[in-house]
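This report is meant for a reader who is seeing the structure for the first time. It goes through the cores, the strands and a few single residues in turn.

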Amino acid sequence: ISTAQNAQDVRLRPGSPVAGAGICGGSLFGGYSRIAPYDDFEADARPGFGVTTGCDIGADQILAIEVTTSDDELNSDGDCSLREAISSANDDGTYDSCNGGYGKDLIVVPAGTFPISRGGVDEDNGYTGDLDLRENVAIIGSGQNQTTISGAGIDRVFHLQPDVRADIIDLSIENGLTGSGSPNDGAGILN
């Protein structure tokens with residue numbers, strides 16, 4: 001048994017034992033084959049967790065950035081909004097009470113509707129308007145009919161910057177608005 005001191009390619013909880021990690025039936029996000037938002041140090045299978053159904057996630061796992069509020073905010077009020085979670089992933093840092101980002105990140109969005117409310121079209125740092133993805137990320141909802149991310153008619157929903165890969169799974173995207181460019185510029189996702 002060894003202890004993770006410095007995660008390079010896969011996010012490990014500091015001090016996590018690395019032995020006993022199992023492999024899932026497929027690969028998500030270019031190399032992540034083990035995904036869990038919670039500790040599992042006993043090599044137990046975690047049934048019913050989205051893409052890892054029936055997998056032994058083992059101890060070597062991603063420390064997910066978990067969204068805890070549907071408010072669209074960037075502040076320090078003790079929660080983790082979707083915008084703050086994306087900022088943590090983009091900057092490999094910590095925003096509000098979100099887990100800090102590191103390399104390829106996993107953002108877990110619970111059931112509910114998450115509307116964009118911070119107006120500001122054509123800004124590419126994620127402070128206002130659409131949710132700008134500047135680093136590789138996986139965003140996993142609770143189900144297509146349970147988690148909705150809405151542009152609220154303010155802006156498009158997601159804007160992937162050049163060379164960014166985003167796996168957006170088990171959620172719905174709605175009510176996006178195209179930017180100032182062509183009307184075919186992607187109201188839900190601009191890539």
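What follows describes a predicted model, beginning with its nonpolar cores and moving outward to the loops.

**The nonpolar cores**

The largest nonpolar core of the model has 22 residues, and those with the most contacts inside it are Leu 82, Ile 86, Ile 107, Leu 133, Ile 139, Ile 149 and Phe 158. At least two residues of this core come from each of α1 (82-91), β4 (131-133), β5 (137-140) and β7 (158-160), and the largest share, 4 residues, is supplied by α1. Apart from this core there is a second, separate one of 6 residues, which includes Ala 64, Leu 106, Ile 140 and Ile 169. As a general background, nonpolar side chains in soluble globular proteins tend to be buried together.

Leu 133 shows how one residue of the larger core is surrounded: leaving aside residues up to four places away in sequence, Leu 133 touches Ile 86, Asn 90, Ile 139, Phe 158, His 159, Leu 160, Gln 161, Val 164 and Ala 166.

**Strand β5 and its partners**

Which residues cover the two faces of β5? On one side Val 137 and Ile 139 are buried, and on the other Ala 138 and Ile 140 are buried as well, so that by the criterion of under 20% relative accessible area both faces count as covered. Strand β2 (residues 105-108) runs parallel to β5 and is joined to it by 4 bridges, with Asp 105 standing opposite Val 137. Strand β8 (residues 166-169) is likewise parallel to β5 and joined to it by 4 bridges, and here Ile 140 stands opposite Ile 169. Ile 140 and Ile 169 are also both among the residues of the second core.

**An open sheet and the helix across it**

Three strands form an open sheet with parallel pairing, in the order β4-β7-β10. Because β4 and β10 (189-190) each have a single partner strand, they stand at the edges, and one side of each is left without a neighbour in the sheet. The pairing of β4 with β7 is parallel and extends over 3 bridges, and within it Leu 133 has Leu 160 of β7 as its bridge partner. Leu 160 is also one of the residues that Leu 133 touches. Helix α1 lies across β4 and β7, and it runs at about 20° to β4.

**Single residues**

Three residues, taken from two loops and a strand, can be set side by side by their accessibility.

| Residue | Place | Relative accessible area |
|---|---|---|
| Asp 92 | loop between α1 and β2 | 39%, partly exposed |
| Thr 148 | strand β6 (residues 147-150) | 13%, buried |
| Asp 163 | loop between β7 and β8 | 82%, exposed |

Asp 92 is not a glycine, although it has a positive phi of about 50°. Asp 163 also has a positive phi in a residue other than glycine, with a value near 65°.

Why does Thr 148 count as buried? Its relative accessible area is 13%, and because buried means under 20%, Thr 148 falls within that class. Not counting residues up to four places away in sequence, Thr 148 touches Gly 112, Thr 113, Phe 114, Ser 172 and Glu 174.

Notes. Residues numbered from 1 in each chain as written. Predicted model: local features only at pLDDT ≥ 70, side-chain atom pairs only at ≥ 80, totals over all residues. Heavy atoms only, no water. Core = buried A, V, L, I, M, F, W, Y, C linked by side-chain atoms within 4.5 Å. Buried < 20%, exposed > 50% of the residue type's maximum accessible area, 1.4 Å probe, protein only. Contact = heavy atoms within 4.5 Å. Pairing = 2+ DSSP bridges. Axes fitted to C-alpha atoms, helices over the stretch in contact; angles between N-to-C directions.
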